[in-house]
Amino acid sequence: MSQYFSAAMTACDNRCVYCGKDMLIDFETFMTGEEDHLIPRSRGGLDDATNIVIACSLCNRLKAGWVPPNGESMDRKELVNAIREEILRRRLKHMQIYFGWVFKNQELRPLWSNEE
Ligand SMILES: [Zn+2]
């Protein structure tokens, strides 16, 4: 945690700025809270409160180093929305992989089916 963690938690209403997860719901979740640089430092993003948000570890991992095209010229709100949209797209892709594993070799039937 940097000196900006506390201010970022307050600014993000103690939630992951991307998926809205309540980072104070329990201790385990709190411990997965990470400071995310909207514009990564490797892309010239500042290491200060204007560029740091709170992200859950999953969103941060899905985001990785992604920056929207022209991200550097977006304001903070536009940037968060663009990143949120990309993370959602990536979540859906990984959900498809997940359900592929969960239902591997299983035939899906409607819940109201009488067949065993
Ligand atoms: Zn999240």
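Here are a few questions and answers about this predicted model.

User: Which pattern does the protein follow when you read along the sequence?
Analyst: Start with the parts: there are four helices and two strands. Put in sequence order, they give the pattern α-α-β-β-α-α.

User: Is the protein spread out or compact, going by its radius of gyration?
Analyst: For 116 residues, the globule rule gives 13 Å. The radius of gyration here is 18 Å, well over that figure, so compared with a compact globule the protein is more spread out.

User: What does the C-alpha trace span along its principal axes, and what percentage of residues count as buried?
Analyst: Along those axes, the trace spans about 60 × 35 × 20 Å. As for burial, you need 20 or more other C-beta atoms within 10 Å to make the cut. Of the 116 residues, the share that counts as buried is 21%.

User: Where does tyrosine 4 lie, and is it buried, partly exposed or exposed?
Analyst: Tyrosine 4 sits in the segment before helix H1 (5-11). Buried starts at 20 neighbours and exposed means 12 or fewer. Tyrosine 4 has 18 C-beta neighbours inside 10 Å, so it counts as partly exposed.

User: Which residues does tyrosine 4 touch, leaving out those up to four places away in sequence?
Analyst: One partner is Ala49, a residue 45 positions away from tyrosine 4 in sequence. In space, the two are 5.9 Å apart, C-alpha to C-alpha. With sequence neighbours up to four places away set aside, tyrosine 4 touches Glu35, Asp48, Ala49 and Ile52.

Definitions and conventions: Residues are numbered from 1 along each chain as its sequence is written. This is a predicted model: local features need pLDDT of at least 70, side-chain atom pairs count only at pLDDT 80 or more; totals for chains, interfaces and linings use all residues. The radius of gyration is taken over C-alpha atoms; the globule rule is 2.2 Å times the number of residues to the power 0.38. Two residues are in contact if their C-beta atoms, placed from the backbone, lie within 7 Å.
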